[in-house]
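Biologist: I have a model open and would like to hear the reasoning behind its labels. Shall we go through them together?

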Amino acid sequence: MPISLTFCRLCTMSRPEIVQAIDQLKCEYADDIAVVELNCMAACEDVPAVMLEYDYYPQVTPQELHELVNASLKQEA
Ligand code: FES
């Protein structure tokens, strides 16, 4: 079952590096992650923020996002 990666579509529009990282992850792990785009996730002060399943991560960098997803997928395996 894929893990969910949730982010705010509106906030990440101003962070192209995160959009690119999410696009890379979608390609790399097409069957393993389900990307959920919201119009607001009540994280406007923490942009860019993501949720992996039920865990919240504020102000993530692309590198941190890759590491978080990889760690989450290893836990699921
Ligand atoms: S508008 Fe993006 S988190 Fe609120």
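Modeller: Gladly! Let's start with a rule: two strands count as paired if DSSP finds at least two bridges between them. Keep in mind that this is a predicted model.

Biologist: What makes S1 and S3 a pair?

Modeller: S1 and S3 share 3 bridges, in the antiparallel sense. The rule asks for at least two, so S1 and S3 pair. One of the residues involved is Phe7, whose bridge partner in S3 is Val50.

Biologist: How do you know that the pairing in the sheet is called mixed?

Modeller: Look at the senses one by one. S1 and S2 run parallel, joined by 6 bridges, and Cys8 stands opposite Leu38 of S2. S3 and S4, in contrast, run antiparallel over 3 bridges, with Asp55 of S4 as the bridge partner of Leu52. Parallel for S1 with S2 and antiparallel for S3 with S4 give the mixed pairing of this open sheet, whose 4 strands come in the order S2-S1-S3-S4.

Biologist: Why are S2 and S4 at the edges?

Modeller: Strand S2 (33-38) and strand S4 (55-57) each have a single partner strand, so one side of each lacks a neighbour in the sheet. On average, neighbouring strands are turned by 20° against each other, direction ignored.

Biologist: Now the helices. Why are H2 and H3 called roughly parallel?

Modeller: Their packing angle is about 25°, and their axes are 9 Å apart. Angles under 35 degrees count as roughly parallel, and therefore H2 and H3 earn that description. Their crossing is right-handed. On the H2 side, the contact is made by Glu17, Ile18, Ala21 and Leu25; on the H3 side, by Pro62, Leu65, His66 and Val69.

Biologist: What makes a residue a member of the nonpolar core, and which members touch the most others?

Modeller: A member is a buried residue of a listed nonpolar type, joined to the set through C-beta atoms within 7 Å. The largest such core has 15 residues, and Leu5, Leu25, Val50, Leu65 and Val69 touch the most other members. Strand S1 (3-8), helix H2 (16-28), strand S3 (50-52) and helix H3 (62-76) each give two or more residues to this core. H2 supplies the largest share, 4 residues.

Biologist: And which residues does Val50 touch?

Modeller: Leaving out residues up to four places away in sequence, Val50 touches Leu5, Thr6, Phe7, Tyr57, Val60 and Leu65. Among them, Phe7 is also the bridge partner of Val50, and Leu65 also takes part in the contact between H2 and H3.

Note on methods
Residues are numbered from 1 along each chain as its sequence is written. This is a predicted model: local features need pLDDT of at least 70, side-chain atom pairs count only at pLDDT 80 or more; totals for chains, interfaces and linings use all residues. A residue is buried if 20 or more other C-beta atoms lie within 10 Å of its own, exposed if 12 or fewer, and partly exposed in between; C-beta atoms are placed from the backbone. Two residues are in contact if their C-beta atoms, placed from the backbone, lie within 7 Å. Axes are lines fitted to C-alpha atoms, for helices over the stretch in contact, and angles run from 0 to 180 degrees between N-to-C directions. Angles under 35 degrees count as roughly parallel, over 145 as roughly antiparallel, 65 to 115 as roughly perpendicular and the rest as oblique. A crossing is left-handed if the near helix is turned anticlockwise from the far one by less than a right angle, and right-handed if clockwise.
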